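Colleague: Could you take me through this model step by step, as you would for someone in a first year of study? I will ask short questions, and I would like to hear the reasoning before each answer.

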Amino acid sequence: MKKSREDVQFLTMVVQLFCEGSSFGFTIRGGREENRPITIAHIVQHSLVYRAGIVKVGDRVLQINGCSVENASQLDALTILRGASDMVTMVIEYEVEIQEEKLRNATNPLLVKALKPPLSTFGITLSGTSSPGDPIWITEVKQGSIADR
């Protein structure tokens, strides 16, 4: 089922990625010549960016090291990436499906299933007491994490 614009919220985040060997651990596609935004096309399994679990395939790249790539060619974006030393800062746009109506109308406990790559985290912080039966609360959700998406 295709999502409508009303079902999706577009969020942005700033990420810092570190080079591992000669790669940042992802590839991009799109650009002005393809008349589509620069997006993350592939994430190398077990790379630093894969283990962090924040950047996902399909995320749109808005800036690389302070340079806008919203109307750039793929070559322009690759040139900026290749010019980076061992770290790159990117502004990423990603989609989050809006679940407010489903949550508001829920009358029973909700079961949520999420796939988590090995060595990554869900991106939540829990709080509670050690007393049996006491509630456990989610006190923080890391932006861009599996829990956020």
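**Reading the predicted model**

Modeller: Let us begin with one loop residue, Asn65, which lies in the loop between β4 (60-64) and β5 (67-68). Please keep in mind throughout that this is a predicted model.

Colleague: Is Asn65 buried, partly exposed or exposed?

Modeller: A residue counts as buried under 20% relative accessible area and as exposed over 50%, with partly exposed in between. Asn65 has a relative accessible area of 36%, and therefore the word for Asn65 is partly exposed.

Colleague: What is the phi of Asn65, and what sign does it have?

Modeller: Most residues other than glycine have a negative phi. Asn65 is not a glycine, and yet its phi is positive, at about 50 degrees.

Colleague: Which loop holds Asn35, and what is its phi near?

Modeller: Asn35 lies in the loop between β2 (26-31) and β3 (36-43). Its relative accessibility is 73%, so Asn35 counts as exposed. Asn35 is likewise a residue other than glycine with a positive phi, and the value is near 55 degrees.

Colleague: Which element has the lowest mean pLDDT, and which has the highest?

Modeller: Over the protein chain the average pLDDT is 86, and 95% of the residues score at least 70. Where pLDDT is low, the predicted coordinates should not be read in detail. Among the elements of the chain, the lowest mean, 72, belongs to α3, and the highest, 98, belongs to β4.

Colleague: Turning to the interior, which element gives the largest share of the largest nonpolar core?

Modeller: The largest nonpolar core has 25 residues, and the members that touch the most other members are Leu17, Phe26 and Met90. Two or more residues come from each of β1 (8-18), β2, β3, α1 (48-52), β4, α2 and β6 (87-97). The largest share of this core is five residues, and the element that gives them is β6.

Colleague: Is Leu81 buried or exposed, and which residues does it touch?

Modeller: Leu81 has its place in helix α2 (residues 74-83). Since its relative accessibility is 9%, Leu81 counts as buried. Leaving aside residues up to four places away in sequence, Leu81 touches Phe24, Phe26, Ile28, Ile64, Val88 and Met90.

Colleague: Which residues does Met90 touch?

Modeller: Residues up to four places away in sequence are again not counted for Met90. The contacts of Met90 are then Met13, Val14, Val15, Leu17, Phe26, Ile40, Val61, Gln63, Ile64 and Leu81.

Colleague: How many Å separate the C-alpha atoms of Leu81 and Phe122?

Modeller: Phe122 is one of the residues that make a nonpolar surface patch, whereas Leu81 is buried. Leu81 and Phe122 are 41 residues apart along the chain, and the separation of their C-alpha atoms is 28 Å.

Colleague: Which element gives the largest share of the nonpolar patch?

Modeller: The patch, of about 560 Å², is made by Phe122, Ile124, Leu126, Ile136, Ile138 and Val141. Two or more of these residues come from each of β7 (124-128) and β8 (136-141). The largest share is three residues, and they come from β8.

Colleague: Is Ile124 buried, partly exposed or exposed?

Modeller: Ile124 lies in strand β7. Its relative accessible area is 36%, so Ile124 is partly exposed.

Conventions
Residues are numbered from 1 along each chain as its sequence is written. This is a predicted model: local features need pLDDT of at least 70, side-chain atom pairs count only at pLDDT 80 or more; totals for chains, interfaces and linings use all residues. Side-chain values use heavy atoms; hydrogens and water are left out. Patches are made of residues with over 30% relative accessible area and no salt bridge: like charges are joined within 9 Å, nonpolar side chains (Val, Leu, Ile, Met, Phe, Trp, Tyr) within 5 Å. Accessible areas come from the Shrake-Rupley method with a 1.4 Å probe; for residues, only the protein chains shown count as cover. A salt bridge is a side-chain nitrogen of Lys or Arg within 4 Å of a carboxyl oxygen of Asp or Glu. Helices (H or I, at least four residues) and strands (E, at least two) are DSSP runs, numbered from the N terminus. Buried means under 20% relative accessible area, exposed over 50%, partly exposed in between (1.4 Å probe, protein chains only). pLDDT is the predictor's confidence in each residue, from 0 to 100. Contact means heavy atoms within 4.5 Å. A nonpolar core is a set of buried Ala, Val, Leu, Ile, Met, Phe, Trp, Tyr and Cys residues joined through side-chain atoms within 4.5 Å.
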